[in-house]
Amino acid sequence: QVRLVESGGGLVQAGGSLRLSCAASGRAFSRYTMGWFRQAPGKEREFVGQISWNGGITYYGDSVKGRFTIYRDNAENTVYLRMNSLKPEDTAVYYCAAGPLANSFVAPTEAKWDYWGQGTQVTVSS
């Protein structure tokens, strides 16, 4: 089992930065592919990014490429999402997810996600 707890959300002005954290408990964190998703009111859940088990391969959704960075610290069982140049349209609840090692070798369209955190709210003001 894997439990995921997101933190770091809050209110930030457009153009600002924020770092989200996802702390994981459970065995073999270092062998899980980790992902970030978000969901805004009235919208479907959107892929933000994913990172391979060793951090060597990352993917990002088109809307965040060049602005967001996903990285992980396996020694601390934590995955991060650094968000720069935030826009009002980035406002959403952000969710951390964990999937199998196999996700590290496929594109996001093929990835499967087994565990989800409770989400953390990010609000970007104009």
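**Strands 4, 5 and 9 in a predicted model**

Mentor: Met34 has Ile51 of strand 5 standing opposite, and this is a predicted model.

Trainee: What makes strand 4 and strand 5 a pair?

Mentor: Pairing needs at least two bridges between the strands, and five bridges join strand 4 to strand 5 (residues 46-51), so the two count as paired, in the antiparallel sense. Strand 4 and strand 5 also form a hairpin with six residues between them, and Gly42 in that turn has a positive phi of about 75°.

Trainee: Why is strand 4 called largely enclosed by the rest of the structure?

Mentor: A residue is buried when its relative accessible area is under 20%, and six of the seven residues of strand 4 are buried, so the description applies to the strand.

Trainee: How do you know that strand 9 is largely enclosed as well?

Mentor: Seven of the eight residues of strand 9 (residues 92-99) are buried, and therefore the rest of the structure largely encloses it.

Trainee: What makes strand 4 and strand 9 a pair?

Mentor: Against the requirement of at least two bridges, strand 4 (residues 33-39) and strand 9 are joined by seven and run antiparallel, so they pair. Among the partners, Met34 is matched with Ala98 and Arg38 with Tyr94.

Trainee: Why is strand 10 counted as a partner of strand 9?

Mentor: Two bridges link strand 9 with strand 10 (residues 115-116) in the antiparallel sense, and at least two are needed, so the criterion is met. Ala98 stands opposite Tyr115 there. Strand 9 also pairs with strand 11 (residues 120-125) over three antiparallel bridges, with Tyr94 opposite Thr120.

Conventions:
Residues numbered from 1 in each chain as written. Predicted model: local features only at pLDDT ≥ 70, side-chain atom pairs only at ≥ 80, totals over all residues. Heavy atoms only, no water. Buried < 20%, exposed > 50% of the residue type's maximum accessible area, 1.4 Å probe, protein only. Helix = DSSP H or I, 4+ residues; strand = E, 2+ residues; numbered from the N terminus.
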